[in-house]
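Reader: I should like to understand the grounds on which the terms in this description are applied. May I put my questions one at a time?

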Amino acid sequence: MEKKTVEDLISKAKEAMDNAYVPYSKYPVGAALLTEDGKVYSGCNIENASYGLTNCAERTGIFKAVSEGYRTFESIAIICKGELKASPCGACRQVIAEFLTPDSPVILANEKGEHTITDVKSLLPGAFTTKSLLGDNNEF
Ligand SMILES: O=c1ccn([C@H]2C[C@H](O)[C@@H](CO)O2)c(=O)[nH]1
Ligand SMILES: [Zn+2]
């Protein structure tokens with residue numbers, strides 16, 4: 001990926017992270033997605049007093065974009081507070097696998113300005129996808 005694109009996505013994810021609603025965990029997360037036509041959608045985590053209703057940053061960003069008509073994304077950047085780089089939860093990995101391709105870059109960043117780039121298939125090998133429903137997933 002181009003350095004500028006990576007830096008831009010991380011910076012948009014950080015802006016979203018600053019809007020995180022996290023009174024319970026106090027663990028802000030931000031995500032930013034690049035659409036096929038070059039737009040960026042971002043999201044933050046949104047918690048709830050009924051803890052299980054919390055929505056992660058990744059899914060907030062993806063659902064915002066899907067609700068406006070987007071169906072596939074080029075890449076996603078995720079950032080969290082602190083020195084550890086972000087790592088999406090299992091639910092988000094499944095949703096990421098739905099809307100990005102197995103080779104799509106996933107940028108995992110921390111607040112110190114560091115990041116790692118992995119991809120969707122590494123986050124969720126053998127993902128259950130629309131292909132599985134069509135009997136066309138023979139990864140395993
Ligand atoms: O990748 C992740 C992991 C966790 N969270 C949120 C959920 C909750 O608000 C807080 C602590 O789990 O972090 C995210 O938004 N994305
Ligand atoms: Zn999640």
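Author: The answers below concern a predicted model, and each sets a computed value against the criterion it has to meet.

Reader: What makes glutamate 58 a buried residue?

Author: A residue is called buried if 20 or more other C-beta atoms lie within 10 Å of its own. Glutamate 58 has 28 such atoms within 10 Å, and it is therefore classed as buried. The residue lies in helix 2, and the unreviewed UniProt entry places the feature "active site" at Glu58.

Reader: Which residues are in contact with glutamate 58, neighbours within four places in sequence left aside?

Author: Contact requires C-beta atoms within 7 Å. On that basis glutamate 58 is in contact with Ala31, Gly43, Ile76, Ile78, Pro88, Cys92, Val95 and Ile96.

Reader: Which other residues of helix 2 are buried, and what covers them?

Author: Besides Glu58, the buried residues of helix 2 are Ala57, Arg59, Thr60, Gly61, Ile62 and Ala65. Their cover includes helix 1, strand 1, strand 2, strand 3 and helix 3. Helix 2 is followed by glycine 69, which has a positive phi near 110 degrees.

Reader: How do you know that the residues of the "binding site" feature gather at one spot?

Author: The unreviewed UniProt entry places this feature at Cys56, Cys89 and Cys92. These residues span 37 residues in sequence, yet no two of their C-alpha atoms are more than 8.4 Å apart, so they gather at one spot. Contacts of cysteine 56 include both Cys89 and Cys92, together with Val29 and Asn45.

Reader: Why is cysteine 56 called buried, and why is cysteine 89 called partly exposed?

Author: Cysteine 56 has 21 C-beta neighbours inside 10 Å and so counts as buried, the requirement being 20 or more. Cysteine 89 has 13 and so counts as partly exposed, a class that lies between the limit of 12 or fewer for exposed and that of 20 or more for buried. Cysteine 56 is found in the loop between strand 2 and helix 2, whereas cysteine 89 is located in the loop between strand 3 and helix 3.

Reader: What makes strand 3 largely enclosed?

Author: Seven of the eight residues of strand 3 are buried, so the rest of the structure largely encloses this strand. Strand 3 pairs with strand 1 in the antiparallel sense over seven bridges, and with strand 4 in the parallel sense over four bridges. In the first of these pairings, valine 29 stands opposite cysteine 80 of strand 3; in the second, alanine 77 has isoleucine 107 of strand 4 as its bridge partner.

Reader: Which residues of the largest nonpolar core touch the most other members, and which element gives the most to it?

Author: This core has 35 residues, of which Ala13, Val29, Ala31, Leu33, Ala77 and Ile78 touch the most other members. Elements that each supply at least two residues of this core include helix 1, strand 1, helix 2 and helix 3. Strand 3 gives the most to this core, with six residues. As for Val29, its contacts beyond four places in sequence include Met17, Ala20, Cys44, Ile78 and Ala86.

Reader: Which residues come nearest to ligand 1, and what is the character of the shell around it?

Author: Ser25, Val29, Asn45, Cys56 and Ala57 come nearest among the 14 residues around ligand 1. The shell divides into nine nonpolar, three polar and two charged residues.

Reader: Why is lysine 26 called exposed, and what is the sign of its phi?

Author: Lysine 26 has 9 other C-beta atoms within 10 Å and is therefore exposed, since the limit for that class is 12 or fewer. The residue is found in the loop between helix 1 and strand 1. Its phi is positive, about 55 degrees, although lysine 26 is not a glycine. Most residues other than glycine have a negative phi.

Reader: How do you know that alanine 49 is exposed?

Author: Alanine 49 has 7 C-beta neighbours inside 10 Å and therefore counts as exposed. The residue is found in the loop between strand 2 and helix 2. Alanine 49 and proline 23 are 26 residues apart in sequence, and their C-alpha atoms are 8.8 Å apart in space.

Methods: Residues numbered from 1 in each chain as written. Chains lettered and ligands numbered in written order. Predicted model: local features only at pLDDT ≥ 70, side-chain atom pairs only at ≥ 80, totals over all residues. Near = placed C-beta within 6 Å. Nonpolar A, V, L, I, M, F, W, Y, C, P; charged D, E, K, R; others polar. Core = buried A, V, L, I, M, F, W, Y, C linked by C-beta atoms within 7 Å. Contact = placed C-beta atoms within 7 Å. Pairing = 2+ DSSP bridges. UniProt positions renumbered as here; feature names shortened; annotations may be inferred.
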